[in-house]
Structures are given as structure tokens and as C-alpha cells.
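Me: I have a model open and would like to go through its labels with you. Could we set the values against the cut-offs, one label at a time?

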Amino acid sequence: MSAPEETPPVAQMEIAVQDAGKAEGDVKNDVPTIKSPVKQLWNLKFGEGESESITHPPEVERRVKALKKIQVELAQVERNFFKEVHELEAKYHPLYTKFYERRLVITSGKYEPTDEECEASWETASETEVKNNESKAEAAGGEIKKEPTAEAPVSGIPEFWLHVLRNVDRLSEMIHSCDEPILKHLTDITVELMTEPMGFKLLFHFSPNEWFTNSVLTKTYEMKCEVDLQDPFGFEGPEIINCKGCTIDWKEGKNITVRVVEKKQKHKKSGALRLISKEEEVPSFFAFFKPPLLPEEGTEDEDVQMALTMDFEIGQYIREQIIPRAVLYFTGEAVDYETSDLDDDDDDDEDDDTSRTTGENEEEDEENDA
């Protein structure tokens, strides 16, 4: 007797179309997932939105079902697209790593670039300003003042990564005064891409220091990119399904993420007072390596969901923006580019508002004239 044929994924999703109208909560996912960051931000800005319920003639409803079937097939194509993009990123990652290694030996002082390697076809804003000042001084017949050279030569680029992180608004907010002495020992941030399971791992490399014994602290993000057969229309791309930090091996008395406080406690029977010691969490950048726990299946905590979404966004930002463009964040140029883009968007919004206001005023004038 031959084994029954397995139902193809698309066919399974066609069946799911019939159940798509079931009440929310009838079907539970096997693993709790974090909503897409894009969708979270959209809902925060524009709201969840409510669709208008319209009754259509039977023949129109029949055609709508055909469109839904097409949407199901499209979701499967999108799923394949996202998976192949991730695999392509993993394929090219070793090529990027070579450049990151060259960056590391320069920032750490292990290698001094040649004059040829320092030549560039562009000038930074500071270089342009220096040249302009020198030209003005020469034109005025004045003497060009040279900055005094340091007594001891500087090795590499000191505190490179601390400056990078502090120049990113969403990360500088996470850095507190107690973190900075430790982050001066941060020598590199790297990333490893995973295909099975889909995800990535961030690695923060530290030189020997007086706070902890770890040479590397890690943060791992696992994702899934599958179309839910029970809700095929909810597919929006990869979703985080797990987030793992690491154990920081703090040296005795050096854990900056907690503080010990003494509280008075009254004995229930005797009424005598005693002092008890209790640990309290202290805001710190290193809380990043202890993310919130995923909610249990069947439960939903909005605060935890939002915290995990923000955590995932930060991880993605470090991976996609900060690691590849670290030098531009060090100089502040990357921040300037982003600010410029935001200003352009604001200008567009203002133009739209002005256009709408002008149009409304014209309509009012016409009504008054009538």
C-alpha cells in the first residue's frame, strides 16, 4: 500500500483560506514570535486601522476568493525571496570580513597605513576647514599656527568603538557613566550570519580589563521565515523567534549592572527589626546582553513585546549599519547623512501641509465669494 501523498504547501494554504476568517486566538503558533518591527512602528504612527465591512454579491465574493488564492501563492514567493536574500548575504559575508579585519589592525595600532593608503579623492569637513584657515592666514600675511605635537605617539585610534556607539542616538541613550570606562576596552564588533536556523550573532570583543574576564560578549538572534498555513495573509518577512544574550563573568565587586542595598525588615512574630541585603538592577549598556524572556505560549505582554522589538531593531541596526560603516559613525558623517535624509522628509511633509492648507483656504475664499 503506497503512502498517502503529502499536500503541497500552497494547497495547504488554499485550505487555510477557508479558515482565515476565524476569530483571533482560535489558532496558536507553536513558538511565540515577535511582530515585525516595521509593522510595530507603522501601528504606533498610524494605528492598527479598521477595515470597513462591506457585503458583496456572491459573484464578487467568488472573485475575491480567487484574489486571496493569488495572495497565498505570492506569500510563498516572498518567503523564498527573503530566505535567498539571507543566504546571499551569508555567501558574501566573508568578503566583507576581510575589510573589517583591515580596519581592526589600523584601529588597534597593529598596522600603520602607508601614505598611498591614506590618499583619498575627497576631503573631510575638518580638512577643508583647516585648508581654508591656512589660505586666509597666508592671504593676510599672517603666520600659520601649527598644533603642538603630542609628546608620546598615539597608537591606532584610541576608543574608536566607544566614539562610534556614542555618535548613534539610539545607542548613546543606553550608555551610562559607569559603562564608559569599560567600553574604552571595546576593540571590535563583528557579526556571524546563520542560515540554519536563520539568524545572526553579534560579537563584542574586549581587551583585558578590571571588570570581567570575558574576551567576547555575544548576542544571538534567531529568526523564522515561514508562511503560517493557518494565517497566510499575515506574512511580512522574517520574524524573530528567539533572542539570547550571554553570561558576563564579572570580577568580584565589579558588576556595574546591580547594586546591593540594605533594607529594614520586621520579624512577623517578634517584631524585631533586621537589615537584609538585596540586589537591584542598575541601568547599563551591558543589560543589552540580558534581553527580556520571550512570553510563554498563549500569553501576550505588550511591554515585553515592545522591549523585544526594540532590542531586535538595535541588533539589526548594529549589524546592517554600524559594523559596515563604523568609520562614518566615528567621524559623525553617517549621522549627518541620516539627519539630512530626515530633514528632507520633514521638508516634504511641510510642503504637503502647506499645499493642503493653501487648497483649503482657496475653497473657503470661493465659498465666501459665493
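Me: How many aromatic pairs does a search of the whole structure find?

Reply: The search finds 20 aromatic pairs. Rings of Phe, Tyr and Trp (its six-membered ring) pair if their centres lie within 6.5 Å, and planes under 30 degrees apart count as stacked, over 60 as edge-to-face and the rest as tilted. A word on the background: this is a predicted model, in which local features need pLDDT of at least 70 and side-chain atom pairs count only at pLDDT 80 or more, while totals for chains, interfaces and linings use all residues. Residues are numbered from 1 along each chain as its sequence is written, and side-chain values use heavy atoms, with hydrogens and water left out.

Me: Why is the aromatic pair of Phe160 and Phe330 called stacked?

Reply: The centres of Phe160 and Phe330 are 5.0 Å apart and the planes are at 25°. With a centre limit of 6.5 Å and a stacking limit of under 30 degrees, the pair is therefore stacked. Phe160 lies in helix H6 (residues 160–166) and Phe330 in helix H10 (residues 326–331), so the pair ties together parts that are 170 residues apart in sequence. Helices here are DSSP runs of H or I with at least four residues, strands are runs of E with at least two, and both are numbered from the N terminus.

Me: How do you know whether Phe160 and Phe330 are buried or partly exposed?

Reply: Buried means under 20% relative accessible area, exposed over 50%, and partly exposed in between (1.4 Å probe, protein chains only). Phe160 has 4%, so Phe160 is buried. Phe330 has 27%, so Phe330 is partly exposed.

Me: And what makes the pair of Phe204 and Phe285 edge-to-face?

Reply: Phe204 and Phe285 are 6.3 Å apart, centre to centre, with 65° between the planes. An angle over 60 degrees counts as edge-to-face, so the label fits. Phe204 is in strand S2 (residues 198–206) and Phe285 in the loop between strand S6 (273–281) and helix H9 (302–322), 81 residues apart. Phe204, at 0% relative accessible area, is buried, and Phe285, at 2%, counts as buried too. Both also belong to one aromatic cluster, whose members include Trp250 and Phe289.

Me: Which residues touch the most other members of the largest nonpolar core?

Reply: They are Phe204, Phe286 and Ile318, out of 47 residues in that core. A nonpolar core is a set of buried Ala, Val, Leu, Ile, Met, Phe, Trp, Tyr and Cys residues joined through side-chain atoms within 4.5 Å. Leaving out residues up to four places away in sequence, Ile318 touches several residues, among them Leu171, Phe204 and Pro324. Contact means heavy atoms within 4.5 Å.

Me: Why is the pairing of Arg79 with Glu226 called a salt bridge?

Reply: A salt bridge is a side-chain nitrogen of Lys or Arg within 4 Å of a carboxyl oxygen of Asp or Glu. The N to O distance for Arg79 and Glu226 is 3.1 Å, so the pair qualifies. Arg79 sits in helix H3 and Glu226 in the loop between strand S3 (216–224) and S4, 147 residues apart. At 17% relative accessibility, Arg79 counts as buried, whereas Glu226, at 40%, counts as partly exposed. A network of salt bridges links Arg79, Lys83 and Glu226.

Me: How do you know that Asp311 and Lys219 meet in a salt bridge?

Reply: The N to O distance is 2.7 Å, set against a limit of 4 Å, so Asp311 and Lys219 form a salt bridge. Asp311 is in helix H9 and Lys219 in strand S3, 92 residues apart. Asp311 and Lys219 are both buried. The structure holds eight salt bridges.

Me: What makes Cys246 partly exposed?

Reply: The relative accessible area of Cys246 is 24%, which lies between 20% and 50%, so Cys246 is partly exposed. Cys246 is in the loop between strand S4 (239–244) and strand S5 (258–266). Outside its neighbours within four places in sequence, Cys246 contacts Leu217, Thr218 and Phe289. Cys246 and Phe289 are 43 residues apart in sequence and 5.8 Å apart in space, C-alpha to C-alpha.
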